[in-house]
Amino acid sequence: MTTEHPADTTDGGASRSVIDRAFAILGTFQGGRVRQSLSDISRRTGLPIATCYRIVQRLVEWGALERDGEGRYRIGLRLWELASLAPRSVGLQRLARPFMQDLYETTGYASHLAIREGRELVSIERFQSPRRSVRRPLVGARYPLHATAIGQVLLAHAPPEIQEEVLSGELEAFTPRTYTDRETLERLLRDIRHIGYAVSDRQVDNVHIGVAAPVRDANNAVIAAVSLALTEKDVDGKNMIHLVRITAASISRALEAAGYVEQAD
């Protein structure tokens, strides 16, 4: 019988515990990878396929992963059940959802809710027409803060040390319009704090224009942001900015009424 040791040595000589390897396996399902084969997981984690198989089977037994009829793996129901207990995203989602749906139904454009986690944004809710094929954002996925309107709002209200880490790091240019100059971004963040919203004009792709506004908790701290994704031909600038700001304010009032306070990270 094969025994799984508490730690082993993988390529590069780094010791990785069983828990580390299990987390690495679960982490491969981020970024829109809903279903994966065992070889996919092995390749993405860098784990030997035999080791990967043993850990995956334990995760299946516990319910963190499920195996479908084609032999591919997906996130299991038990993991979703545990995730539903996380107050940071779920309580916010629940309170924000009716206002986001109203924004989507009023405008016909995709509405999006995100929070900041470290130096990235995490998408936690989206309303979008099934007739529109938009690859991102994916709920549960992480994205950089500097390019999207929703990310720029979150960055503008992030602690100074987070802003410094982002602005002094690598700022990827997704299109020729993406702001990658520190001075430009610093000026932009000051403007966002002053005017109360952000507009990102085709900085992530060559089609979409984002409009975003901050969402505040019962202590008036910015804990999230809400946005609309438009295209150049759709833009009715003043009206869309107004609607996004109303939606953000409505969510903020709902959070205040519920006494919702976010813990600082």
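**Exercise 1.** How many bridges join strand E5 to E10, and do the strands run parallel or antiparallel?

*Solution.* The model is predicted. Step one: locate the strands. E5 covers residues 110-117, and E10 covers residues 222-231. Step two: count the bridges. Five join E5 to E10. Step three: read the direction. The two strands run antiparallel. Step four: pick out a pair. Ala110 has Ala229 of E10 as its bridge partner.

**Exercise 2.** Over how many bridges do strand E9 and E10 pair, and which residue in their hairpin takes a positive phi?

*Solution.* Start with E9, residues 208-216. E9 pairs with E10 over nine bridges, in the antiparallel sense. One of the paired residues is Ala212, whose partner in E10 is Ser227. Now turn to the hairpin. Five residues lie between the two strands. Asn220 takes the positive phi, near 70 degrees. Finally, check the cover on E10: eight of its ten residues are buried.

**Exercise 3.** Is Thr107 buried or exposed? Which residues is Thr107 in contact with, leaving aside its neighbours within four places in sequence?

*Solution.* Place the residue. Thr107 belongs to helix H5, which spans residues 87-107. Apply the cut-off. Buried means under 20% relative accessible area. Thr107 has 13% relative accessibility, so it counts as buried. Next, the side chain. A polar atom of the Thr107 side chain lies 2.8 Å from the backbone oxygen of Leu103. Last, the contacts beyond four places in sequence. These are Leu228, Met240 and Leu243. Leu228 falls in E10, residues 222-231.

Note on methods
Residues are numbered from 1 along each chain as its sequence is written. This is a predicted model: local features need pLDDT of at least 70, side-chain atom pairs count only at pLDDT 80 or more; totals for chains, interfaces and linings use all residues. Side-chain values use heavy atoms; hydrogens and water are left out. Helices (H or I, at least four residues) and strands (E, at least two) are DSSP runs, numbered from the N terminus. Buried means under 20% relative accessible area, exposed over 50%, partly exposed in between (1.4 Å probe, protein chains only). A polar contact is a pair of N or O atoms within 3.5 Å; within protein, one must be able to donate a hydrogen and the other to accept it, and residues adjacent in sequence count only if both atoms are side-chain atoms. Contact means heavy atoms within 4.5 Å. Two strands pair if DSSP finds at least two bridges between them.
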